[in-house]
Amino acid sequence: MSTSPAVKRLFLWSGPRNISTALMYSFSQRADAAVEDEPLYAHYLSRSLASPYHPGAATILEKMENDGQKVVQHMLSKSGKPLLFFKNMTHHLIDLDWSFMGQGMNILLTREPKAMLLSFSKIIEKPVMEDIGYAMQWRLLQYLKTNEFPFVVLEAKKFLQDPEGQLRKLCKTCGIDFDPNMMHWKAGPIPEDGVWANYWYASVHKSTGFQPYTEKSEPFPEHLRGLLSECEPIYRKLQVFSL
């Protein structure tokens with residue numbers, strides 16, 4: 001598998017309804033960086049049971065590469081800018097050889113599951129663990145530790161309470177300089193948005209930077225209590241490793 005050694009690669013492995021898109025927008029403001037939005041999405045849809053209920057699935061499968069191994073080869077061979085940021089969802093990592101992760105810095109992004117599930121259920125009403133990635137994130141963290149691959153964990157609430165401080169720590173951990181341009185962007189979409197942006201990115205398109213953290217006051221859906229109880233202990237284990 002060919003790689004471009006002069007390029008630094010950042011692989012973001014996030015759960016859904018997190019701040020992953022805002023992070024992608026943040027990195028897109030760097031003159032030295034190029035970003036890609038969920039290149040493994042079609043691979044995931046083609047190999048899971050999620051296609052019938054993911055909005056825009058048919059378009060994603062039509063317009064994106066369905067072969068995850070070819071996507072991995074693309075991520076490892078892409079060049080053009082010295083810094084490449086690949087926004088990915090952890091649950092997209094099915095039926096793949098994970099050894100490519102040793103070719104870059106892996107950023108695991110997690111969020112308190114009660115708030116995440118409340119947000120996610122507004123688009124996909126009845127998610128299961130395979131949709132939201134907590135179990136896969138813990139499995140991924142253990143894999144990265146065992147293989148001594150570089151990784152860092154970000155926690156969304158902690159990040160939004162101090163975005164500049166967290167970005168500075170992240171950049172230092174990744175071996176890159178902090179760029180103040182990462183703190184702000186113009187409202188609206190960016191060219192790198194995935195074809196699913198109209199379904200998921202409304203709040204980011206209205207934003208011009210990281211939004212202040214606010215507690216959710218809406219009632220939690222009763223039908224998700226069981227899934228919440230599965231997610232919470234995994235989240236607490238992930239949280240221990242966060243910046």
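In helix α1, Ser20, Thr21, Ala22, Leu23, Met24, Tyr25, Ser26 and Phe27 are buried. That is eight of the nine residues of the helix (residues 20-28), so α1 is largely enclosed by the rest of the structure. The model is a predicted one.

**The sheet**

Five strands make up an open sheet. Their order is β2-β3-β1-β4-β5, and they pair in parallel. The edges belong to β2 (33-37) and β5 (151-155). Each has a single partner strand, so one side of each is left without a neighbour in the sheet. On average, neighbouring strands are turned by 20° against each other, direction ignored.

At one edge, strand β4 (residues 105-110) runs parallel to β5 and is joined to it by five bridges. Here Ile107 stands opposite Val152 of β5. Helix α4 (residues 68-77) lies across β1 (8-14), β2 and β3 (83-89). Its direction is at about 140° to β1.

**Around Phe178**

Phe178 sits in the loop between α9 (163-174) and α10 (197-200). Is this residue buried or exposed? Phe178 has a relative accessible area of 18%, under the 20% cut-off, so it counts as buried. Leaving aside neighbours within four places in sequence, Phe178 is in contact with Arg30, Glu164, Leu167, Arg168, Cys171 and Met183. Leu167 is 11 residues away in sequence, with a C-alpha to C-alpha distance of 7.2 Å.

**Salt bridges**

The structure holds eight salt bridges. Side chains of opposite charge can pair when their charged atoms come close. Three of the pairs are tabulated here, with N to O distances and relative accessibility.

| Pair | N to O distance | Acidic partner | Basic partner |
|---|---|---|---|
| Asp32 and Arg30 | 2.9 Å | Asp32, 28%, partly exposed | Arg30, 4%, buried |
| Glu36 and Lys78 | 2.8 Å | Glu36, 16%, buried | Lys78, 21%, partly exposed |
| Lys122 and Glu218 | 2.9 Å | Glu218, 40%, partly exposed | Lys122, 54%, exposed |

Arg30 also appears among the contacts of Phe178.

Glu36 forms its salt bridge with Lys78. This pair links distant parts of the chain, 42 residues apart: Glu36 is in strand β2, and Lys78 is in the loop between α4 and β3.

Lys122 forms a salt bridge with Glu218. That pair, too, links distant parts of the chain, at 96 residues apart. Lys122 lies in the loop between α5 (113-120) and α6 (129-132). Glu218 lies in the loop between α11 (202-206) and α12 (225-239).

Which residues do salt bridges with shared partners join into one network? They are Asp37, Glu38 and Lys87.

Definitions and conventions: Residues numbered from 1 in each chain as written. Predicted model: local features only at pLDDT ≥ 70, side-chain atom pairs only at ≥ 80, totals over all residues. Heavy atoms only, no water. Pairing = 2+ DSSP bridges. Helix = DSSP H or I, 4+ residues; strand = E, 2+ residues; numbered from the N terminus. Axes fitted to C-alpha atoms, helices over the stretch in contact; angles between N-to-C directions. Contact = heavy atoms within 4.5 Å. Buried < 20%, exposed > 50% of the residue type's maximum accessible area, 1.4 Å probe, protein only. Salt bridge = Lys/Arg side-chain N within 4 Å of Asp/Glu carboxyl O.
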